[in-house]
Amino acid sequence: MSQQAEIRVRFAPSPTGPLHIGGVRTALYNYLFARKHGGKMLLRIEDTDQNRFVPGAEDYIVEALKWVGIEIDEGLTVGGPNAPYRQSERKAIYREYAEQLVSEGKAYYAFDTAEELEAMRKRMEEANAPAAQYNSITRLQMKNSLTLKPEEVKALIESGSPYVIRLKVPKKEDVRLNDLIRGWVVVHSSQIDDKVLLKSDGMPTYHLANIVDDHLMGITHVIRGEEWLPSAPLHVLLYRFLGWEKTMPQFAHLPLLLKPDGNGKLSKRDADLGGFPVFPLQWKDPFSDTVARGFREDGYLPDALVNFLAFLGWNPGTEQEMFTMDELIQAFSLEQINKAGARFDIQKAKWFNHEYLRQQPNEQLAEAIVQQAAADGMDCSLEKAAKIAGLLKERVNFASEIYAESAVFFRAPQSYDPAIVSGKWNEEAVRALTAFKDALTSVAEPLTAELAKTTLAETMTAIGIKQGKIMQALRLAITGVGAGPDLMITLEIIGRQETVDRLQKALKEL
């Protein structure tokens with residue numbers, strides 16, 4: 001890697017809908033690489049296909065990157081010396097380079113109608129050609145500036161006949177590319193068709209626009225998804241034809257995100273079937289009003305999602321799994337990215353979220369519990385909510401599950417697990433819990449977990465009953481079930497009077 005030029009990478013999504021989670025990973029890898037080498041991260045919007053433009057998609061992209069903590073140094077929303085950063089606003093720039101290629105004999109005007117193109121495809125299929133494409137062989141039978149006389153071409157253009165500009169791919173040569181992840185990629189030019197560079201509406205295709213922009217914006221490394229690998233030789237040709245081969249960026253094509261079973265590329269349908277999101281944020285389609293789930297709204301913490309995504313195709317080569325963004329930046333390298341596709345394991349995402357949730361301060365989680373309790377018509381102090389969070393966050397994957405699991409702290413049980421009743425509720429349990437209830441009535445407020453534990457131990461010793469034999473019966477009386485979080489802390493949270501009342505209720509009803 002050259003140390004002479006500043007590292008400059010770009011994330012260049014199309015505003016055709018919500019940003020797929022694979023796109024977030026691509027943005028993340030670009031960001032980590034730029035930060036690791038003290039470089040710049042650019043955000044550019046590739047909206048050359050105006051037919052597929054979706055209102056709101058651009059704002060969604062910006063918000064999603066912000067939520068996961070990817071900071072943009074130049075480009076959309078922050079500006080910079082290479083503005084504008086929307087390709088639709090750069091039309092005139094692309095035409096200039098397309099016309100330059102035509103004048104140098106490296107591209108040509110093509111006037112073929114849709115019907116003529118279809119007829120060519122049919123002829124190729126009937127001749128059992130391996131691929132029906134516009135290439136070095138078929139172009140000589142088509143209506144373009146290579147087969148028409150110069151005056152015919154001039155007349156067609158002046159009359160307003162629609163045309164495209166196509167790249168004139170060389171007939172017989174190997175196009176070579178040294179990919180930073182995959183090594184040398186060699187494609188024979190017979191496998192590359194004469195791609196359209198400028199469409200009939202004057203808009204460039206992705207192929208021309210991204211090459212011109214990457215060159216003009218000084219991009220040093222193009223880190224993008226594997227789906228662009230088949231286009232890379234064409235892009236190498238464009239760099240050469242435009243005279244930019246010496247400053248051509250280095251390419252790194254990332255592995256695909258695979259379905260949870262590893263068979264095929266991850267899609268929204270797979271996510272819907274598996275009951276998990278595939279977009280960073282919730283997305284409401286402006287045309288159909290359908291809503292797609294988002295990782296944020298499902299309760300994933302941004303740090304957890306970043307950690308999860310970083311490991312989808314990359315490995316630090318150590319046993320460490322939990323990384324802060326700064327630690328990821330320090331550890332990241334393109335050399336440690338795998339070539340093979342990465343299986344999207346949503347259970348691992350939940351594991352990461354669980355681990356990050358455990359690290360959240362109880363006071364931070366408490367506010368949501370207070371709000372949720374109020375919505376259910378119950379009072380809950382921040383102090384009580386913080387204790388509930390501290391007790392339950394070890395047992396759940398999402399913050400929203402804490403309140404869902406906390407009913408025991410707000411209401412006495414309305415029923416009791418019959419299996420525990422038949423197995424553990426006996427005369428000894430009744431005697432023990434009656435004695436514990438009586439002992440608690442003379443205990444000082446507030447009841448702490450330590451005080452509850454001491455009082456229980458002393459009471460059981462006094463009446464000669466082993467504590468272990470009645471613990472499930474005690475839990476049953478307090479919670480209605482036979483298992484759950486730390487029972488002494490539970491007693492501290494519900495308080496002395498509520499503990500006495502619940503024991504009284506169970507003794508009466510059971």
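**Exercise 1. Where is the place of T77, and is T77 buried or exposed?**

Solution. This is a predicted model: local features need pLDDT of at least 70, side-chain atom pairs count only at pLDDT 80 or more, and totals for chains, interfaces and linings use all residues. Residues are numbered from 1 along each chain as its sequence is written, and side-chain values use heavy atoms, with hydrogens and water left out.

Step 1. T77 sits in the loop between β3 and α3. Helices (H or I, at least four residues) and strands (E, at least two) are DSSP runs, numbered from the N terminus.

Step 2. Take the accessibility. Buried means under 20% relative accessible area, exposed over 50%, and partly exposed in between (1.4 Å probe, protein chains only). T77 has a relative accessible area of 57%, so T77 is exposed.

Step 3. Check the backbone. Phi of T77 is near 80°, a positive value in a residue other than glycine.

**Exercise 2. Find the cis peptide bond that ends at P84, and place D289 in its loop.**

Solution.

Step 1. The bond from A83 to P84 is cis, with omega near 0°. P84 belongs to the loop between β3 (74–75) and α3 (91–103).

Step 2. D289 is in the loop between β12 (283–284) and β13 (291–292). Its phi is near 65°, positive although D289 is not glycine.

Step 3. The relative accessible area of D289 is 49%, so this residue is partly exposed.

Step 4. Set this against the general pattern. Most residues other than glycine have a negative phi, and most peptide bonds are trans.

**Exercise 3. Describe the largest nonpolar core and the surroundings of F344.**

Solution.

Step 1. Fix the term. A nonpolar core is a set of buried Ala, Val, Leu, Ile, Met, Phe, Trp, Tyr and Cys residues joined through side-chain atoms within 4.5 Å.

Step 2. The largest such core has 113 residues. Those with the most contacts inside it are I21, L65, I70, F344, F409 and L474.

Step 3. Helix α1 (residues 21–36) supplies the largest share of this core, nine residues.

Step 4. Apart from this core lies another, of 41 residues. L156, V169, V212 and V236 are among its members.

Step 5. Now F344. Contact means heavy atoms within 4.5 Å. Leaving aside neighbours within four places in sequence, F344 is in contact with residues including I21, L257, L258, F276 and F295. K259 and P260 are also among its contacts.

**Exercise 4. Work out which residues surround V68, H235 and T499, and whether each of the three is buried or exposed,,.**

Solution.

Step 1. V68 lies in helix α2 (residues 57–68). V68 counts as buried because its relative accessibility is 4%. Beyond four places in sequence, V68 is in contact with V24, P302, L305, V306 and M325.

Step 2. H235 is part of helix α7 (residues 232–241). Its relative accessibility is 0%, so H235 counts as buried. Not counting residues up to four places away in sequence, H235 touches Y206, H207, N210, I211, R224 and F251.

Step 3. T499 is in helix α20 (residues 496–509). T499 is buried, at a relative accessible area of 0%. With residues up to four places away left out, T499 touches L440, L447, I478, L491 and I494.

Step 4. One distance for V68. Its C-alpha atom and that of R123 are separated by 51 Å, with the two positions 55 residues apart along the chain.

**Exercise 5. Classify the packing of helix α13 against α19 and against α12.**

Solution.

Step 1. Axes are lines fitted to C-alpha atoms, for helices over the stretch in contact, and angles run from 0 to 180 degrees between N-to-C directions. Angles under 35 degrees count as roughly parallel, over 145 as roughly antiparallel, 65 to 115 as roughly perpendicular and the rest as oblique.

Step 2. The axes of α13 (residues 382–392) and α19 (residues 487–494) come within 10 Å and cross at roughly 165°. α13 is therefore roughly antiparallel to α19.

Step 3. The contact uses K384, K387, I388 and L391 of α13 and I489, T490, E492 and I493 of α19.

Step 4. The axes of α12 (residues 362–375) and α13 come within 7 Å and cross at roughly 115°. These two helices are therefore roughly perpendicular to each other.

Step 5. Among the residues of this contact are L365, A366 and I369 of α12 and A385, I388 and A389 of α13.
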